[in-house]
Amino acid sequence: MKKQAFILSMLIIFMGCASIPEKPAAPAATIFYPELPQRPRLQFLHSISGENDLGKKQSAFQEFLFGKNYDQLLGKPYDVAACKEKIYILDRMYKKIVILDLASKKMSFLNDQGIGRLGDPSGIWVSEENIKYVTDMQRKQVVAFDGNDHFLRTYGSREIFEKPVDVAVYGKQIYVVDMDKEQLFILNRDTGQVINTVGEKGEFFKPSHVTVGPSGNVFVTDAFHFVIKKFSPDGKFLDTIGFHGDQIGGFVRPKGVAVDKNDHLYVVDAAFENVQIFDDQGRMLLFFGGPGSGPGNLYLPAGIAIDDNNAASFQKYADQNFKLEYLVYVTNMFGKNMLNVYGFGHWIGESLPGE
Amino acid sequence: MQHMRTWKNKISAAAIILIFLSSSITSAGTIEGSPHDFRGYQWKRSGEICNPCHAMHGTKTLPAPLWNHDLPTQTYIIYGKTHSPTMDAEVSSQPDGMSKTCLSCHDGIVAPDAYGSNTCGTAILFNKNLIDTFPSNNHPISFVYNTALAIKDGKLYDPSTRLSGLNGSTGTINADMLFLNRMECASCHDVHNKYAVPKTKLLVKDNAGSALCLTCHNK
C-alpha cells in the first residue's frame, strides 16, 4: 500500500513537472464549408500565431525560464507561401520572412543579411524548385533565395520597377505586379530581362497581387477596379472575374489570389473578411472564413497560398470522415489568429442527403 | 438584453447629437482634391469619388454558389465584428468595424501603413494591460474612452465633459471624436477632409503645439 502510494505520488510529481501549458484546446466543433449535410469541401484545421502552435512541446524548464506559451510570435503576416515541410510568412511588422518549419516545429527568420537584406518586403512566391522570390518595395527588386534559404540573386532595378508588390513564377517566367506603374511585368527567370509588360494603356488601377494557375494562366488583383484579371502566360488578356459590390461574387477589398490544381481561383477580400472560390468559368463555387474571431473566421485577411505538399502534417486536425487533398493558408493582418490553415478535401463518411 | 438596449439608446443619442453637431459646424473642406480623391490618379478613371471606399450593391443577380445551395442572404457583411457566436470580450481591443474600413486599404502596401503592427493581439496573448503595452509609434485604437478610463488613467480628460474644440464645434470629445464611445482612426483623422487642416495627414485639428494630443491628454 505504501509502495503504491509512493508510486502514485511520484507519478503525480512527474506529471506535474511534465505538464505542458497549452493554448486552449482546439475547438470541439468541426468547421466545414459548406456545412453538413451539404457536401463539405473545406475544413478549418488550425491557426498558427506563434511557434507553440506548431506543436512543439514546451518543457517545464522552458516555461520556468521564458514563461508559458508564446515565446515567438508572428507580427503582421501579409503574404504566405509554402514548400515541403516549410511555410514562409511575409511579416510586415518584422519586415522579414518568417519560416515555420513543420518538421522541427520551429519558427525562425529567413537569413537575409548582407547583399540579400530585405528593406520593405511585400509579396512572396516559392517555386517548385523551392526558390523563394520576394518583392521588395524599398529595393525596387525581386530578391531570390535558394533551397537552403540563402541569397541567390535579384531581378529588376530602380530603372524597371517603381513599387513591385507581388510576384509569381511559372516555368521560366517571373510575373511581377508594380502598384505605382500599374503594370504587370513578365521577366525571364534565367536572364532577368523583361519580356513583356501589361498595363501601359491604363488597364490596371492599383494592381496588388498576382498568382499563376497550373496551366500558366496569370491572375492579377486589380484592386481599385475591384476585379481579378486573367491573362495567358505571355500576357494576353483573357477574362475578368468578379465585380464591384457586396453581393456574392463581388469584391470590395480584393487582396491575395491563389489557384489550385483544379483551376479553382481563390480570392481574399479584406472587407468581407472571407475567401471566395471560383471555377475556371468564373462561376462562384463557395466562400469561407467570414468576420469574427471564432475558429475559421478571418480578421482583415490579406495573403493566401495553396499548399499541395503538407496535407499529411495537418490531417490530425481533420475530421475522421474528411480526407485532405491540399491545404489553404490565409493570413490575418490583425486578430488573435494570424495564419489560418484550411484543408480542401473529400467527404468519405456516409452518403449525404440529396446526392 | 437590458444592457444591449441601454447601449442602443446611447448609440442613437450619440448619432443624433453627432448629426446635429456636424450640421452646425462650418465645414471648409470637402473630399474633392483631398488625398482620398482618386479621380486624377494617373489615368482618368470613372470619376466616382465615393467608389473606392464605398461599395455599391452591384447590379448583378447571381445564382447561389455551386457548392453551397443553402444561403440565407445574397449580400456579404462588410467589416463585420460581432457576428461570430464565439466572439469574446478580448476582441474588442482589436481594430473594429470603423477602423477596419481604414486598415483594409492602409495595409502598408495598397496605401501607407496606418497601423503597423498587431500590438493589440500581442497584448492579448501576453495578457498585459492593453494601454500599457502599446509602443510609442502606434496610438491604440478601438478601445472605449470614457469617464471611467479618464479617472483610472488620471492624465486623460473626461470625454463626456471636455470640449473637442474641432473647427468651431461646441461638442464634447465623446460627441465629436468618439464612435460608440470608442477611439478609432477617425477620431483624429478626418477621412472626408471636412475640417481641411492643410499639410497634415487629414487631422481633425491642427496639431501645432500638440493641440490634438492635448485635446484628450491632460499633460
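A:E182 counts as buried in this predicted model, because its relative accessibility is 0%, and the cut-off for buried is under 20% relative accessible area. The backbone at A:E182 is worth a look too: phi is positive, about 55°, although the residue is not a glycine. If you want to find the spot, go to the loop of chain A that runs between β12 (173–178) and β13 (183–188).

Now over to chain B. Another positive phi in a residue other than glycine turns up at B:N167, with a value near 40°. What about its surroundings: is B:N167 buried, partly exposed or exposed? B:N167 is partly exposed, because its relative accessible area is 30%, and partly exposed covers the range between under 20% (buried) and over 50% (exposed). Look for B:N167 in the loop between α5 (147–153) and α6 (173–177) of chain B.

Back in chain A, there are cis peptide bonds to check out. Which residue does the cis bond from A:Y33 lead to? That bond runs to A:P34, and A:P34 sits in the loop between β1 (32–33) and β2 (42–48). A:P37 is also found in the loop between β1 and β2 of chain A, and the peptide bond that reaches A:P37 from A:L36 is cis. Here are the omega values:

| Cis peptide bond | Omega |
|---|---|
| A:Y33 to A:P34 | near -15° |
| A:L36 to A:P37 | near 10° |

So when you scroll through the model, stop in the β1–β2 loop of chain A for A:P34 and A:P37, then move along to A:E182 in the loop between β12 and β13.

How values were computed
Residues are numbered from 1 along each chain as its sequence is written. Chains are lettered from A and ligands numbered from 1 in the order in which they are written. This is a predicted model: local features need pLDDT of at least 70, side-chain atom pairs count only at pLDDT 80 or more; totals for chains, interfaces and linings use all residues. Side-chain values use heavy atoms; hydrogens and water are left out. Helices (H or I, at least four residues) and strands (E, at least two) are DSSP runs, numbered from the N terminus. Buried means under 20% relative accessible area, exposed over 50%, partly exposed in between (1.4 Å probe, protein chains only).
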